[in-house]
Amino acid sequence: MVSRAANSLMVVGVVGAFIGLCVLPSALGDHQDGNLLSVAALLLSLGALSISVGFYMKARFLQKDVRSGKPEPPRKIRGGCDLCRNEPPVIQCKVHQLHLCATCLTGHYDVRSCVYVPSLRRPATKNGKNTAAKAQSV
Ligand SMILES: [Zn+2]
Ligand SMILES: [Zn+2]
């Protein structure tokens, strides 16, 4: 969709620049038509601008396409990162009780409030609590 928009932008730019180029000789010709010259210059510069914007958009969204086009199913890791659940946690924030992977750590990082320890996450941390609650209710 966006790459189509970029394509049409580039086409418009090429056409505009082409018309500008066509008009330019007659503008610079015998008549010395200042008006036509400025129109030709405008068309040329607008054309060049749209072409470069089109290239820019294409480059940006092409990168995105390549990245999102990768068949990368989300790897749900049990006991993984508390934020994305895709990566094994490398560190734990003691203040917020969050196990974080390296990616989420950079987003979470707050030097004033967070205290980090290496994540030693084990899958069965809640078991003690559950059995205690059960024992009480019985
Ligand atoms: Zn994460
Ligand atoms: Zn924190």
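## Nonpolar core

In this predicted model, the largest nonpolar core comprises 7 residues: C81, I91, C93, L100, C101, C104 and L105. Strand β1 (91-93) and helix α3 (102-108) each contribute at least two residues to this core.

C104 has contacts beyond its immediate sequence neighbours. When residues within four places in sequence are set aside, C104 is in contact with C81, L83 and C84.

## Overall architecture

The protein contains 4 helices and 3 strands. Read from the N terminus, the order of elements is α-α-β-β-α-β-α.

Of the 138 residues in the protein, 14% are buried. Among contacts with a separation of 6 or more, 42% join residues 24 or more positions apart.

## Helix α1

Helix α1 covers residues 2-28, a total of 27 residues. At 1.5 Å a residue the expected span is 39 Å, and the end C-alpha atoms lie 38 Å apart, so the two values agree.

The buried residues of α1 include A6, L9, G13, G16 and G20. An α-helix has 3.6 residues a turn, so residues three or four places apart point the same way.

## The loop between α2 and β1

P88 is located in the loop that connects α2 (34-69) with β1. This residue counts as partly exposed because 15 C-beta neighbours fall inside 10 Å, whereas a buried residue requires 20 or more and an exposed one has 12 or fewer.

P88 is also separated from S119 by 31 residues in sequence, with a C-alpha to C-alpha distance of 9.3 Å in space.

Methods
Residues numbered from 1 in each chain as written. Chains lettered and ligands numbered in written order. Predicted model: local features only at pLDDT ≥ 70, side-chain atom pairs only at ≥ 80, totals over all residues. Core = buried A, V, L, I, M, F, W, Y, C linked by C-beta atoms within 7 Å. Contact = placed C-beta atoms within 7 Å. Expected span 1.5 Å × (residues − 1).
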